[in-house]
Amino acid sequence: MAKESSHAAHAAGVHRVVVIVDENSNPFELGCATEIFGLRRPEIGRDLYDFALCSAEPRTLMRDGFFTLTGVAGLEAAEAADTLIVPNRPDIEVPRRSAVLDAVRRAHARGARLVGFCSGAFTLAEAGVLDGRRATAHWQWADAFRARFPSVQLEEDVLFVDDGDILTAAGSAAALDLGLHVVRRDHGAEVANSVSRRLVFAAHRDGGQRQFVERPMPDLPDESLAPVLAWAQERLDSPLTVSALATRAAVSPATLHRRFRAQLGTTPLAWLTGERLALACRLIERGESRFEVVARRSGLGTAVNLRTLMRRWTGITPSAYRRRFGPEAS
């Protein structure tokens, strides 16, 4: 976002996201944050976030000396962040700058939301804000993290962890998953889907999915799940079962389960439930106020089941979701 529009957005009360860039930071995660939170969204018709980068030094050498970042705000910009994204660096054994850790502590103390992408969990843990909290980090650093920060509840085999005011993503691509999760939490499923379409990225991968996908590209074209996924997405209001999906894919339920695990990192039932919940959220955002109808059209069955699953998935009830993201909210 250009400086002029960013200042205008901040003055108008738009949620401010600030990224701290430190020496040896990873460019990819910086790009993810910029792409999700920093770009204008003319197709949505409003600014979602006010966005800024900041650094402790006027010149910051990025990872492996790929390039030097200049022209960003000083570390004082972190003091105005509603959401602060902390530095992530591959040199996990090198202590972070004390000024950066102090900025993270102050942000946490005043109630800002903290986000760590990949090795950003090390920054948060070193600042002491993760003690007794849930978090994740890249699987290859799990042992090192656990040895250094035994008081943190590390969940090593998930894409991301949302622990309320502190969120962590496991690896580089998971930064996109967590970023879209934050957009969904702030602005609803419809807006998050719009952002994901711009990214040409999956609209929703649940944080509980596995980090390591055994075979991200299928060896044989006929093993791709894309046809059965598309078929199921058009029939979410039908009583679909794992057996029905397996029949459509012309494989056994056990084989289908293995392919879901290998290609998507989740189970058929978890994927189906996630798709139905996403549809339920969109229906509520578009103005459907009868929760029995939402439950039926999304394939969740009853309003009671809708309420239970939405609380588990979004942290709020359907009624609260409607107040926050329904037509009257805008």
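1. Lining of the largest cavity. By class, eight nonpolar, three polar and one charged residues line the largest cavity. The model is a predicted one. The lining residues are Val19, Ile20, Val21, Ser25, Asn26, Glu29, Leu30, Ile85, Val86, Pro87, Asn88 and Phe117. Two elements, β1 and α2 (27-38), give two or more residues to this lining. The largest share, three residues, comes from β1.

2. Cavity count and volume. The structure holds one cavity of 30 Å³ or more. The volume of the largest cavity is about 70 Å³.

3. Strand β1. Six of the six residues of β1 are buried, so the strand is largely enclosed by the rest of the structure. Cover is found on both faces. Arg16, Val18 and Ile20 lie on one side, and Val17, Val19 and Val21 on the other. Strand β1 runs parallel to β2, and six bridges join the two. Opposite Ile20, in β2, stands Cys54.

4. Ile20. This residue deserves a look of its own. Besides lining the largest cavity, Ile20 belongs to the largest nonpolar core. Which residues does Ile20 contact, leaving aside its neighbours within four places in sequence? They are Cys54, Leu75, Ala78, Leu84, Ile85, Val86, Pro87, Val100 and Ala103. Cys54 is thus both a contact of Ile20 and the residue opposite Ile20 in β2.

5. The largest nonpolar core. This core has 35 residues. Those that touch the most other members are Ile20, Leu84, Val104, Leu114, Leu124, Leu130 and Phe145. Both strands and helices contribute: β1 (16-21), β2 (50-55), α3 (98-109), α4 (120-127) and α5 (142-148) are the elements that give two or more residues to the core.

6. Strand β11. Residues 166-169 form this strand. Ile166 and Thr168 point one way, Leu167 and Ala169 the other, and all are buried. Strand β7 (residues 113-117) runs parallel to β11, joined by four bridges. Strand β10 (residues 160-162) runs antiparallel to β11, joined by three bridges. Leu167 is a bridge partner on both counts: of Val115 and of Asp162.

7. The β10-β11 hairpin. How many residues lie between β10 and β11 in their hairpin? There are three. Gly164 sits in the turn and has a positive phi of about 85°.

8. Pro95. This residue is placed in the loop between β6 (83-85) and α3. Is Pro95 buried or exposed? Its relative accessible area is 56%, over the 50% cut-off, so Pro95 is exposed. Leaving aside neighbours within four places in sequence, Pro95 contacts Arg89 and Glu126. Pro95 and Glu126 are 31 residues apart along the chain, yet their C-alpha atoms are separated by 8.0 Å.

9. Asp91. The loop between β6 and α3 also holds Asp91. The relative accessible area of Asp91 is 14%, under the 20% cut-off, so Asp91 is buried. With neighbours within four places in sequence left aside, Asp91 is in contact with Asn24 and Arg96. One loop therefore holds a buried Asp91 and an exposed Pro95.

Terms used: Residues numbered from 1 in each chain as written. Predicted model: local features only at pLDDT ≥ 70, side-chain atom pairs only at ≥ 80, totals over all residues. Heavy atoms only, no water. Buried < 20%, exposed > 50% of the residue type's maximum accessible area, 1.4 Å probe, protein only. Pairing = 2+ DSSP bridges. Core = buried A, V, L, I, M, F, W, Y, C linked by side-chain atoms within 4.5 Å. Contact = heavy atoms within 4.5 Å. 1 Å grid on protein atoms, 1.4 Å probe; cavity = no way out; pocket = protein on both sides within 12 Å on 5 of 7 lines; lining within 4 Å. Points joined across faces, edges and corners; volume = space filled by probe spheres on them. Nonpolar A, V, L, I, M, F, W, Y, C, P; charged D, E, K, R; others polar.
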